[in-house]
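Biologist: Could you take a close look at one part of this model for me? I'd like to see how it sits against the rest of the chain.

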Amino acid sequence: MNFHTAIYNRILEPKYFKVYNCIEAMNKSNRISVKTSYKKDIIQHLADIIYIKDEHGINYTEDLKLLEKYNK
């Protein structure tokens with residue numbers, strides 16, 4: 001196992017899992033305050049992912065697109 005694979009498996013996968021759980025919960029909710037809260041969580045998790053990827057030289061362009069989508 002190389003270093004980048006280890007980062008994906010141990011650090012990034014759980015963060016992506018949290019992002020997609022928040023997205024799913026946000027889409028199920030009808031309350032604006034709840035959706036706003038989930039949106040903030042999504043943005044924070046994506047920012048963490050981008051920071052980690054930047055620190056380790058991993059491409060994060062797709063994450064930036066996703067961040068732009070939820071940061072509106």
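To get our bearings, what pattern does the protein chain follow when read along the sequence? And then, which residues of helix α3 are buried?

Modeller: Sure, and keep in mind that this is a predicted model. Along the sequence, the protein chain reads α-α-α, so to speak: three helices and zero strands. Its C-alpha atoms fill a box of roughly 45 × 20 × 15 Å along the principal axes.

Now for α3, which runs over residues 61-70. Its buried residues are D63, L66, L67 and Y70. They lie on the same side of α3, because the arc they cover around the axis is only 100 degrees. What do they pack against? That buried set meets both α1 (3-28) and α2 (32-55). Flip to the face turned away from the buried side and you find K65, E68 and K69, which are exposed.

Zooming back out, 29% of the 72 residues in the protein chain count as buried, with D63, L66, L67 and Y70 of α3 among the buried ones. If you look at contacts with a separation of 6 or more, 58% of them are between residues 24 or more positions apart. On the outside, the chain exposes about 5200 Å², and carbon and sulfur atoms supply 52% of that area. As for charge, there are 12 positive and 9 negative ones in the protein chain, and their mean positions are 9 Å apart.

Key: Residues numbered from 1 in each chain as written. Predicted model: local features only at pLDDT ≥ 70, side-chain atom pairs only at ≥ 80, totals over all residues. Heavy atoms only, no water. Helix = DSSP H or I, 4+ residues; strand = E, 2+ residues; numbered from the N terminus. Buried < 20%, exposed > 50% of the residue type's maximum accessible area, 1.4 Å probe, protein only. Contact = heavy atoms within 4.5 Å. Areas by Shrake-Rupley, 256 points an atom, 1.4 Å probe, with all protein chains shown as cover. Lys, Arg positive; Asp, Glu negative; His and termini not counted. Charge placed at Lys NZ, Arg CZ, Asp CG, Glu CD. Arc of directions from axis to C-beta.
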